[in-house]
Amino acid sequence: MASFWRAAIGSTQKEDSYGGVEFWSNPERTGWLTKQGEYIKTWRRRWFVLKQGKLFWFKESQVNRYSKPRGVIPVGTCLTVKGAEDVLNKQFAFELSTNAETMYFIADSDKEKEEWINSIGRSIVQHSRSVTDSEVVDYDNTR
């Protein structure tokens with residue numbers, strides 16, 4: 001899980017790692033979520049912005065071009081987003097997973113949870129490479 005978090009948190013240090021995404025302008029989805037910390041497993045409320053295949057989070061809801069994200073997740077690297085109330089024993093919980101790591105979030109309502117799951121799920125589909133693009137090996141070098 002540490003590498004997932006390092007990738008997410010490490011990318012907050014460099015603006016070029018935002019991939020040119022203007023997160024402050026016309027995001028696909030925004031809202032408050034509570035997320036679990038990487039090392040100290042406390043829950044913190046953060047403002048999330050989903051735009052162009054990246055999920056950013058901030059301390060404040062007032063986001064502009066000068067805002068510095070506390071973290072960013074390229075959702076194209078994620079495999080699943082689904083409810084996690086049974087895993088965490090917390091109402092309105094959901095998880096976002098790669099093949100090796102999982103992040104947990106808590107929404108304010110069931111409606112918000114479902115809307116985030118649907119939005120992130122659409123973004124995963126739109127921004128993940130297809131299996132044929134990423135896993136085809138041409139042993140004959142005929143391409």
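Okay, let's start with a term: a salt bridge here is a side-chain nitrogen of Lys or Arg within 4 Å of a carboxyl oxygen of Asp or Glu. Keep that in mind, and remember that what we're looking at is a predicted model.

So, how many salt bridges does a search of the whole structure find? Seven. Let me pick out the one between Glu112 and Arg29, whose side chains meet with an N to O distance of 3.4 Å. Glu112 sits in helix α3 and Arg29 in strand β1, so this pair ties together parts that are 83 residues apart in sequence. Is each partner buried or exposed, or somewhere in between? Arg29 is buried, at 14% relative accessible area, while Glu112 is partly exposed, at 25%. And the pair has company: Arg29, Lys111, Glu112 and Glu115 are linked in a network of salt bridges.

Staying on α3 for a moment, look at Lys113. It has a salt bridge to Asp110, with the closest N and O atoms 3.6 Å apart. Those two are three residues apart in the helix, so about one helical turn separates them. Lys113 also bridges to Glu114, and there the closest N and O atoms are 3.5 Å apart. Lys113 counts as buried, at 5% relative accessibility. Its two partners count as partly exposed: Asp110 at 38% and Glu114 at 34%. As a general point, side chains of opposite charge can pair when their charged atoms come close.

Now, the sheet. Seven strands make an open sheet, and if you walk across it the order is β4-β3-β2-β1-β7-β6-β5, with antiparallel pairing. Which strands stand at the edges? Those are β4, residues 71–74, and β5, residues 80–83; each has a single partner strand, so one side of each is left without a neighbour in the sheet. From one strand to the next, the twist averages 35°.

Let's go in from the β5 edge. β5 is joined to β6 by four bridges, and one pairing to find on screen is Thr80 with Ser97 in β6. Next along, five bridges join β6 to β7. These two form a hairpin with four residues between them, and Phe94 stands opposite Phe105 in β7. Then β7 pairs with β1 over two bridges, again in the antiparallel sense, and here Thr34 is opposite Ile106.

Where does our helix come in? α3 lies across β1, β2, β3, β5 and β6, and runs at about 165° to β5.

Back to β7, because side chains in a regular strand alternate between the two faces of the sheet. In β7 both faces are covered: Thr102, Tyr104 and Ile106 are buried on one side, and Met103 and Phe105 on the other.

That brings us to the inside. The largest nonpolar core has 19 residues, and the members touching the most others are Leu55, Ile73, Phe94, Leu96, Phe105, Trp116 and Ile120. Which elements give two or more residues to this core? They are β2, β3, β6, β7 and α3, and α3 gives the most, with four. There's also a second, separate core of nine residues, including Tyr18, Phe56, Val63 and Val72.

Last stop, Phe105. Leaving out residues up to four places away in sequence, its contacts include Leu33, Trp43, Phe48, Leu55, Ile73 and Leu96. Phe94, its opposite number in the hairpin, is on that contact list too.

Definitions and conventions:
Residues numbered from 1 in each chain as written. Predicted model: local features only at pLDDT ≥ 70, side-chain atom pairs only at ≥ 80, totals over all residues. Heavy atoms only, no water. Core = buried A, V, L, I, M, F, W, Y, C linked by side-chain atoms within 4.5 Å. Buried < 20%, exposed > 50% of the residue type's maximum accessible area, 1.4 Å probe, protein only. Contact = heavy atoms within 4.5 Å. Pairing = 2+ DSSP bridges. Axes fitted to C-alpha atoms, helices over the stretch in contact; angles between N-to-C directions.
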